[in-house]
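Please open the model in a viewer and set the display so that single residues and the ligand can be selected in turn. The stops below are meant to be taken in order.

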Amino acid sequence: MFFYAFAMKLVFATNNPFKFREIKELLKSNLKLLTLKDINVSEEIPETHDTIEENAVEKAQYIYNKYHIDCFADDTGLEIEALNGEPGVYSARYAGKNCTFDDNINKVLENLKDSTNRRARFRTVIALVIKGKINLFEGVVNGSILTYRKGTNGFGYDPIFVPENFEKTFAEMALDEKNKVSHRTLAIKKLISYLNNK
Ligand code: IMP
């Protein structure tokens, strides 16, 4: 009798190499994580909704329906209390189309310049599609927004976000340190636990 061990293949529907690296580090070796490039996806994946949940589902379903492969997609927002949850679902393009991470940070700092309430949170939602069935996993990390940038690691709003119980920004942390507490990690841990118990 022969036994075959097949690694489960899952596409992570993102074009962000930072996020792919973060998540790959957390996944077990019996799960083969593929990039969009690995399955020859070169087009832009639609992201047309006003909520993080809907966008995550839209991205994962787009890949599943078109390429017929199990996959997951994440969507993340920085939700700032004094800005009524902004930039939220618009975190990537807060300062306008084709803006840079720096432009977005400048806009946040400008909008918060008169505010003493610096409370904020990162929220990630992962949508997993396996054989057409959707499951959602959420990860939240609370923290606060500085009045200036600190640190050069990471990406996005990392230089101005200090997670709760820390005295440094995400951008001052090494990747493995950020990975221990990040919103994406919390969501991915829920995803992994789900996959392991299937
Ligand atoms: P996405 O939906 O995960 O691509 O995230 C949208 C935007 O949120 C990104 O373009 C970043 O500006 C920001 N963002 C997401 N995750 C992080 C993070 O871990 N640190 C800092 N900014 C992030």
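The tour begins at the ligand and then moves to points of backbone geometry. Please keep in mind throughout that this is a predicted model.

**Stop 1: the ligand and its pocket**

Select the ligand and display the protein surface around it. The ligand occupies the largest pocket. Next, select the shell around the ligand, which consists of 15 residues. Those that come nearest are K19, D75, D158, K178 and R184. Colouring the shell by class gives six charged, five nonpolar and four polar residues.

**Stop 2: polar contacts of the ligand**

Which side chains should be shown as sticks here? Begin with D75, where a side-chain N or O atom is 3.0 Å from an oxygen atom of the ligand. Then add K178: between an N or O atom of the K178 side chain and an oxygen atom of the ligand, the distance is 2.8 Å. For Y157, display the backbone instead, since the N or O atom to be found there belongs to the main chain; this atom lies 3.1 Å from a nitrogen atom of the ligand. Taken on its own, the ligand has 470 Å² of accessible area, and the protein covers 91% of that area.

**Stop 3: the elements that supply the shell**

Switch to a cartoon view while keeping the ligand visible. Which element gives the largest share of the shell around the ligand? That element is β3, with three residues. Strand β3 spans residues 71-80, and α5 spans residues 183-196; each supplies at least two residues of the shell.

**Stop 4: the loop after β3, and β4**

Follow the chain from β3 into the loop that leads to β4, and select N84 there. N84 is not a glycine, yet its phi is positive, at about 55°. N84 counts as exposed because its relative accessible area is 77%, above the 50% cut-off. Now select E86 and P87, which are joined by a cis peptide bond with omega of about -5°. P87 belongs to strand β4, residues 86-88.

**Stop 5: the loop between β2 and α2**

Finally, select N40, in the loop that runs between β2 (31-34) and α2 (52-67). N40 also is a residue other than glycine with a positive phi, here near 60°. Is N40 buried or exposed? N40 is exposed, because its relative accessibility is 65%, over the cut-off of 50%.

Technical notes:
Residues are numbered from 1 along each chain as its sequence is written. This is a predicted model: local features need pLDDT of at least 70, side-chain atom pairs count only at pLDDT 80 or more; totals for chains, interfaces and linings use all residues. Side-chain values use heavy atoms; hydrogens and water are left out. A residue is near a molecule or strand if one of its heavy atoms lies within 4 Å of it. A polar contact is a pair of N or O atoms within 3.5 Å; within protein, one must be able to donate a hydrogen and the other to accept it, and residues adjacent in sequence count only if both atoms are side-chain atoms. Accessible areas come from the Shrake-Rupley method with a 1.4 Å probe; for residues, only the protein chains shown count as cover. On a 1 Å grid over the protein atoms alone, a cavity is a set of points where a 1.4 Å probe fits but cannot get out, and a pocket is an open set with protein on both sides within 12 Å along at least five of seven lines; lining residues have an atom within 4 Å of a point. A molecule sits in a cavity or pocket if more than half of its atoms lie within 2 Å of its grid points. Helices (H or I, at least four residues) and strands (E, at least two) are DSSP runs, numbered from the N terminus. Ala, Val, Leu, Ile, Met, Phe, Trp, Tyr, Cys and Pro count as nonpolar, Asp, Glu, Lys and Arg as charged, and the others, Gly among them, as polar. Buried means under 20% relative accessible area, exposed over 50%, partly exposed in between (1.4 Å probe, protein chains only).
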